[in-house]
Amino acid sequence: MSRDLGLSGDAGFTLQDAHFEVDQIEYRLHPTSEPHHRAGYLRAPQEGTIEEETAGFAVGEAGESLPPISPALPGVPPRRSIEEYRARYKERVHRLPADAGFRDYLMFLPRAIYRFVDRLCDAFGFKFVALLMSVYGLSQGLGESYMAMSSDYYLKDILKLEPASAQAFKSLMHLPWNIKPIYGLISDTLPIFGYHRGPYIFLAGAFGVFAWITLALQRKASFGLAAFLLLLANYSIASPDVIIDAAVTERSQYAPMYASDLQSLSWGSHAMGGIIGCTTVGQAQAHIHSRGVFALTSLTALSIMVLAAMRWLPEKQIPPGAERSRACRHAWVKGGQRSLYLLAFFVAACAVFLATTVNHVEDRMIAGYITVAVAVLVTIVVYMVLVKISPKIAKPAIFFFLREACQPNIAEAMFYFYTSDPNGPLFTPQFLGVLSCIGSVSMMIGIAMYNR
């Protein structure tokens with residue numbers, strides 16, 4: 001598979017098609033504005049440096065000069081032309097020499113990984129790469145592995161919930177994952193101290209540390225408090241995921257040949273964190289139990305909070321005053337954007353309704369009818385809105401939604417069968433941890449095959 005912008009291959013939806021679609025959507029949404037305006041949207045690739053853009057002057061709607069956006073950010077590599085990005089990329093791809101010996105083959109994988117990370121650091125900076133690995137590897141990969149097992153045992157052994165009640169409880173816990181578009185819209189529209197992303201990652205990490213430490217120190221189990229804290233813990237993982245995804249997409253556009261590398265680094269970090277988590281969480285659960293695992297999980301939230309506080313996600317600051325208020329207003333009113341905002345809030349409202357209402361309906365048949373009706377409504381509304389923007393985005397979005405909606409989830413029933421049912425296998429926490437490694441190992445193999 002070619003890793004250059006000009007991908008080899010025949011028919012199909014290629015990376016070039018994807019970039020063309022992004023350009024078309026940008027034009028339809030903002031027909032009279034620049035591709036990247038001062039509120040933080042991406043400019044088309046051009047020569048110059050990030051420092052020059054950061055220190056440059058914004059131009060108001062009437063053409064007046066405004067104060068500089070912010071001083072140059074340390075640790076940010078210069079913005080380069082597409083040709084220079086391509087040349088530097090090729091220089092940092094590890095290949096076996098023509099007269100390769102045994103040592104070359106033995107060291108091929110470590111050297112390839114080193115050059116892989118080196119070219120990403122050369123293009124985007126060490127700080128951004130480290131933050132990306134922390135969000136995907138520590139917060140998601142490791143944190144989710146620890147949270148999945150510890151919360152299952154917490155619901156079964158401490159809150160004493162039955163399988164059906166535990167499943168309903170976890171559907172409420174996972175609500176922050178079902179309203180993810182809201183986080184991106186809020187961060188794009190309402191900057192904190194002029195920053196669109198860093199402060200939101202910091203707040204998410206702080207909420208996660210608070211939730212995990214409180215759960216670890218809670219002596220008397222409380223159903224309501226546990227539900228709120230676990231919901232907050234899920235938010236602390238879901239929110240940085242959305243924000244760092246936006247940063248990855250932004251950087252992929254001005255250096256397209258690195259797009260697949262950034263995705264590989266993201267999912268590879270997630271898989272590696274998952275492997276470390278699933279191989280250790282069983283032992284931790286067996287020896288220090290759920291509350292001890294909660295305390296350990298707080299370290300994953302602390303890591304992204306500290307990196308965000310150190311501003312390892314470089315971004316331009318919008319100066320206070322008219323510039324900042326205009327940026328917030330412009331993000332809402334510009335052409336076509338409002339429909340996407342309203343769609344995101346509509347989907348979030350449906351998710352909240354299902355998570356908080358349907359699980360309390362005693363008649364399971366009626367609850368099923370309500371769920372199907374809401375799913376059909378969401379499918380119709382999402383398709384009608386997105387198809388006006390791009391059919392090539394609307395159709396995959398509906399496919400992924402229906403794939404998830406039509407897939408039954410019996411995870412809690414299986415967990416109780418695995419661990420508590422006298423007729424079940426009575427798996428230990430250690431074995432459950434090893435069993436969950438299959439997904440992470442398979443993901444790592446898939447990433448390696450994709451990068452061949």
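Reader: Is R311 buried, partly exposed or exposed?

Author: Happy to start there, and do keep in mind that this is a predicted model. R311 is found in the loop between α12 (259-309) and α13 (322-333). Its phi is near 60 degrees, a positive value in a residue other than glycine. With a relative accessible area of 42%, R311 falls between the 20% and 50% cut-offs, so the answer is partly exposed.

Reader: Where does K160 lie, the residue with a positive phi although it is not a glycine?

Author: The phi of K160 is about 60 degrees. K160 has 60% relative accessibility, so it counts as exposed. As for its place in the chain, K160 lies in the loop between α6 and α7.

Reader: Let me step back for the overall picture. How many helices and strands does the chain have?

Author: Buried residues make up 45% of the 452 residues in the chain. Among contacts with a separation of 6 or more, 75% are between residues 24 or more positions apart. The elements themselves are 18 helices and two strands.

Reader: Which helix gives the largest share of the largest nonpolar core?

Author: This core has 45 residues, and F169 and L215 touch the most other members. The largest share is 10 residues, and they come from helix α11 (residues 223-254). Apart from this core lies another one of 32 residues, with I82, Y89, Y200 and L265 among them. The helix you asked for is α11.

Reader: Which residues does F169 touch, leaving out those up to four places away in sequence?

Author: F169 is one of the two residues that touch the most other members of the largest core. It is also among the buried residues of helix α7 (residues 163-173). With residues up to four places away left out, its contacts are L155, L159, L161, F223, A226, A227 and L230.

Reader: Within what arc do the buried residues of α7 fall?

Author: The buried residues in question are A166, F169, K170 and M173. An α-helix has 3.6 residues a turn, so residues three or four places apart point the same way. What covers the buried residues of α7 includes α6 (126-158), α8 (175-178), α11 and α17 (411-419). Seen down the helix axis, these residues line one face of α7, because they fall within an arc of 95 degrees.

Reader: Which side chain does the side chain of N234 make a polar contact with?

Author: N234 is found in helix α11 and, at 0% relative accessibility, counts as buried. Not counting residues up to four places away in sequence, N234 touches M147, M173, H174, P176 and W177. The polar contact, at 3.0 Å, is with the side chain of W177.

Reader: What does the side chain of H196 reach at 2.7 Å?

Author: H196 is found in the loop between α9 (180-189) and α10 (198-217). Its relative accessible area is 7%, which is under the 20% cut-off, so H196 is buried. At 2.7 Å, its side chain reaches the backbone oxygen of S187.

Reader: Why is the pair of Y183 and Y235 called edge-to-face?

Author: A search of the whole structure finds 16 aromatic pairs, and this one has its ring centres 5.2 Å apart. The pair links distant parts of the chain, with Y183 in helix α9 and Y235 in helix α11, 52 residues apart. Y183 is buried at a relative accessible area of 9%, and Y235 is buried at 18%. Planes over 60 degrees apart count as edge-to-face, and the planes here are at 85 degrees.

Reader: Which residue has its charged end over the ring of F128?

Author: F128 belongs to one aromatic cluster with Y85, Y89, F124 and Y258. Another ring of this cluster, Y89, has R119 over its face, at 4.8 Å from the ring centre. Over the ring of F128, 4.2 Å from its centre, sits the charged end of R251.

Reader: How many Å apart in space are Y450 and S264, C-alpha to C-alpha?

Author: Y450 lies in helix α18 (residues 429-450). It is partly exposed, with a relative accessible area of 38%. Y450 and S264 are 186 residues apart in sequence, while their C-alpha to C-alpha distance is 8.4 Å.

Definitions and conventions: Residues are numbered from 1 along each chain as its sequence is written. This is a predicted model: local features need pLDDT of at least 70, side-chain atom pairs count only at pLDDT 80 or more; totals for chains, interfaces and linings use all residues. Side-chain values use heavy atoms; hydrogens and water are left out. A nonpolar core is a set of buried Ala, Val, Leu, Ile, Met, Phe, Trp, Tyr and Cys residues joined through side-chain atoms within 4.5 Å. Buried means under 20% relative accessible area, exposed over 50%, partly exposed in between (1.4 Å probe, protein chains only). Helices (H or I, at least four residues) and strands (E, at least two) are DSSP runs, numbered from the N terminus. Contact means heavy atoms within 4.5 Å. A polar contact is a pair of N or O atoms within 3.5 Å; within protein, one must be able to donate a hydrogen and the other to accept it, and residues adjacent in sequence count only if both atoms are side-chain atoms. Rings of Phe, Tyr and Trp (its six-membered ring) pair if their centres lie within 6.5 Å; planes under 30 degrees apart count as stacked, over 60 as edge-to-face and the rest as tilted. A charge sits over a ring if NZ of Lys or CZ of Arg is within 6 Å of the ring centre and within 35 degrees of the ring normal. The arc is that of the directions from the helix axis to the C-beta atoms.
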